[in-house]
Amino acid sequence: MIVETAKAKLNLALHVRARRADGYHELETLFAFVEHGDIVSVTRAEADSFMLAGPFAGVLAGEGGNLVTRAAAEFAREFGHGAHAITLDKRLPVASGIGGGSADAAATLRALGRLHGISVADMFPIAAALGSDVPACLHGVTAIGRGRGERLEPVPGLPGTPVLLVNPGVAVSTAEVFRRWDGIDRGPLPADPRAGRNDLEPPARAIAPVIDDVLDALAGAPGAGLVRMSGSGATCFALFDGEASRDAAAAALSGRGWWMLSTRLT
Ligand SMILES: C[C@](O)(CO)[C@H](O)COP(=O)(O)OP(=O)(O)OC[C@H]1O[C@@H](n2ccc(N)nc2=O)[C@H](O)[C@@H]1O
Ligand SMILES: Nc1ncnc2c1ncn2[C@@H]1O[C@H](COP(=O)(O)OP(=O)(O)OP(=O)(O)O)[C@@H](O)[C@H]1O
């Protein structure tokens with residue numbers, strides 16, 4: 001059995017530059033990844049099967065078209081290699097700005113690629129067709145993303161940095177957040193992400209005002225550095241100066257009923 005972690009994705013900064021004629025938006029974003037995420041397990045099988053497990057399995061159970069099965073179908077169409085039994089242990093909240101579905105699709109491709117000797121580079125076109133975040137998740141390294149997120153330039157990261165992810169439990173539609181972007185280009189990604197922004201924060205906060213509470217709570221935590229919303233929200237993150245301050249912040253926020261993940265950047 002091949003087991004792959006579908007690491008949660010963070011946008012340390014996300015600058016929306018322009019609305020395109022095809023409905024997508026030109027972005028400049030700094031992608032980073034954390035140590036934890038969903039878990040995808042793949043084995044060869046007589047017939048294709050897909051099983052959901054884990055704390056957020058129920059949210060997806062009634063839906064068809066899971067990104068895992070879509071990724072496996074694209075892989076089979078492109079490379080063949082027969083049937084597989086796939087399990088998704090769904091630990092990341094759904095529609096939360098940390099790329100859950102994209103990371104799952106990428107982990108599925110990586111697992112199938114490892115099983116059948118197909119390189120990440122050869123799977124790149126499939127990844128881009130599955131979603132804007134899937135190529136970044138397939139590579140899984142700190143990188144600047146341009147275009148709709150698929151043009152990647154790896155850059156040095158901050159591996160080991162303690163990070164706390166907080167999601168207030170409100171699902172936010174990525175398409176809806178982009179639709180509400182005000183159309184103003186506020187300039188390119190700076191070299192230091194702390195000087196950057198997430199341009200999707202204002203539209204996401206208009207849909208889910210509780211995001212303000214999450215950002216305020218994280219900004220007030222001792223030892224917190226960069227505090228920002230990831231992707232189209234509603235998950236927000238804080239980078240910390242140590243594991244003790246991160247854990248203290250998690251303990252202080254534990255009564256709010258918010259989902260939290262204490263982890264580190266990779
Ligand atoms: C917000 C980010 O998570 C930042 O990394 C991504 O840009 C979104 O990535 P994703 O969830 O993989 O997005 P997709 O599944 O490709 O697109 C969902 C919807 O988001 C909008 N979308 C997405 C990416 C992009 N560059 N411009 C867009 O306008 C489009 O309305 C699209 O229909
Ligand atoms: N394996 C999956 N995990 C999560 N969502 C999935 C999956 N497969 C399909 N979906 C669908 O994709 C939608 C977006 O979910 P996802 O968790 O990928 O959003 P996200 O975290 O906002 O991603 P991004 O940061 O890439 O925009 C969900 O509402 C769900 O209907």
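**Notebook: two domains, a ligand shell and two annotated residues**

I began with the contacts between domains and found that 25 residues of domain 1 touch 32 residues of domain 2. I note here that I am working with a predicted model.

On the side of domain 1 that touches domain 2, I looked for the elements giving two or more residues, and these are β1 and β2 (25-45). Strand β1 gives the largest share of that side, eleven residues. Sorted by class, the residues of this side of domain 1 come out as 14 nonpolar, seven polar and four charged.

I then wrote down the bounds: the protein chain is split into domain 1 (2-154) and domain 2 (162-264). I looked up the distance between the C-alpha centres of domain 1 and domain 2, which is 22 Å.

Next I turned to ligand 2. How many residues surround ligand 2? I found 20, and the closest are L67, G100, G101, D133 and G231. I checked which helices supply at least two residues each to this shell, and found α2 (67-79) and α3 (100-116) among the suppliers. Helix α3 gives the largest share of the shell, four residues. The shell around ligand 2 holds seven nonpolar, ten polar and three charged residues.

Where does ligand 2 sit with respect to the two domains? Domain 1 and domain 2 both give residues to its shell, so I place ligand 2 between them.

I looked at the UniProt record next. An unreviewed entry there puts the feature "active site" at K9 and D133. The two positions span 125 residues in sequence, but their C-alpha atoms are no more than 8.7 Å apart, so they gather at one spot.

I took K9 first. I located K9 in strand β1 (residues 2-19). Is K9 buried or exposed? I count K9 as buried because it has 26 C-beta neighbours inside 10 Å. Leaving out residues up to four places away in sequence, K9 touches F31, F33, I98, G99, S102, A103, D133, A136 and C137.

D133 was my second position. I found D133 in the loop between α4 (120-130) and α5 (134-139). D133 has 28 C-beta neighbours inside 10 Å, so I enter D133 as buried too. Which residues does D133 contact, apart from its neighbours within four places in sequence? I list K9, G99, S102 and G149.

My last entry joins two earlier ones: D133 is in contact with K9, and D133 is also one of the closest residues to ligand 2.

Conventions
Residues numbered from 1 in each chain as written. Chains lettered and ligands numbered in written order. Predicted model: local features only at pLDDT ≥ 70, side-chain atom pairs only at ≥ 80, totals over all residues. Near = placed C-beta within 6 Å. Nonpolar A, V, L, I, M, F, W, Y, C, P; charged D, E, K, R; others polar. Domains from an automatic or database assignment. UniProt positions renumbered as here; feature names shortened; annotations may be inferred. Buried ≥ 20, exposed ≤ 12 C-beta atoms within 10 Å, placed from the backbone. Contact = placed C-beta atoms within 7 Å.
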